[in-house]
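Open the model in your viewer and switch on side chains as sticks. This short tour goes from one charged pair to the next, with a stop at each.

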Amino acid sequence: MKIFTYSTLMDAHPRRMLRMLADCGGVGIWNLGPARTPGVLYDLGAFPGLGHGDGVVTGELFEIPESLLARVDRFEGVPHHYTREEVFVMTNDGNDTPTAKAWAYFIVETPPPSKRVPSGDWLQHLKGKQP
């Protein structure tokens, strides 16, 4: 099954949770490459939150075994902090047409607009926050 990641699940994130899953016996985890999905990204401090909205959020598309989904749900704090919802994603092939369906994690409580990450790209946003 496919999962759209935009923060700690991404390959480039220093706390990469998918590595922890693999270390715990997770097999069959494949990075399918860069992807985008409609939505709004919020800066919640140490991590972001995906919300519904008129923007585009940048991330990565992974294929993971269905058996790992419950573990990812626990890591993401479902249902108290995040909900898992199916989204359409666009791979970064220059085409804005959705190319796949995937699961993504949405923040339960929408933060104020001042917390919005205008670029929709968490890793780029983190680089801008470094001294």
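Start by selecting Glu63 and Lys2: in this predicted model, their side chains meet in a salt bridge, with N to O at 3.4 Å. Now colour by secondary structure. Glu63 sits in strand β3 (residues 48-63) and Lys2 in strand β1 (residues 2-5), so this pair ties together parts that are 61 residues apart in sequence. Turn on the surface and you will find both partners partly exposed: Glu63 has 24% relative accessibility, and Lys2 has 29%.

Stay on strand β3 and select Asp54, then add Arg116. These two form a salt bridge whose closest N and O atoms are 3.2 Å apart. Asp54 belongs to β3, while Arg116 lies in the loop between β5 (100-107) and α3 (122-129), so the contact links parts 62 residues apart in sequence. Asp54 is exposed at 69% relative accessibility, whereas Arg116 is partly exposed at 36%.

For the last stop, select Arg84 and Asp73. Here the closest N and O atoms of the salt bridge are 2.9 Å apart. Which elements does this pair tie together? Arg84 is in strand β4 (residues 82-91) and Asp73 in helix α2 (residues 69-76), so a strand and a helix are joined by residues 11 apart in sequence. Is Asp73 buried or exposed? Asp73 is buried, with a relative accessible area of 13%, while its partner Arg84 is partly exposed at 28%.

With that pair on screen, you have visited the three salt bridges counted in the model.

Methods:
Residues are numbered from 1 along each chain as its sequence is written. This is a predicted model: local features need pLDDT of at least 70, side-chain atom pairs count only at pLDDT 80 or more; totals for chains, interfaces and linings use all residues. Side-chain values use heavy atoms; hydrogens and water are left out. A salt bridge is a side-chain nitrogen of Lys or Arg within 4 Å of a carboxyl oxygen of Asp or Glu. Helices (H or I, at least four residues) and strands (E, at least two) are DSSP runs, numbered from the N terminus. Buried means under 20% relative accessible area, exposed over 50%, partly exposed in between (1.4 Å probe, protein chains only).
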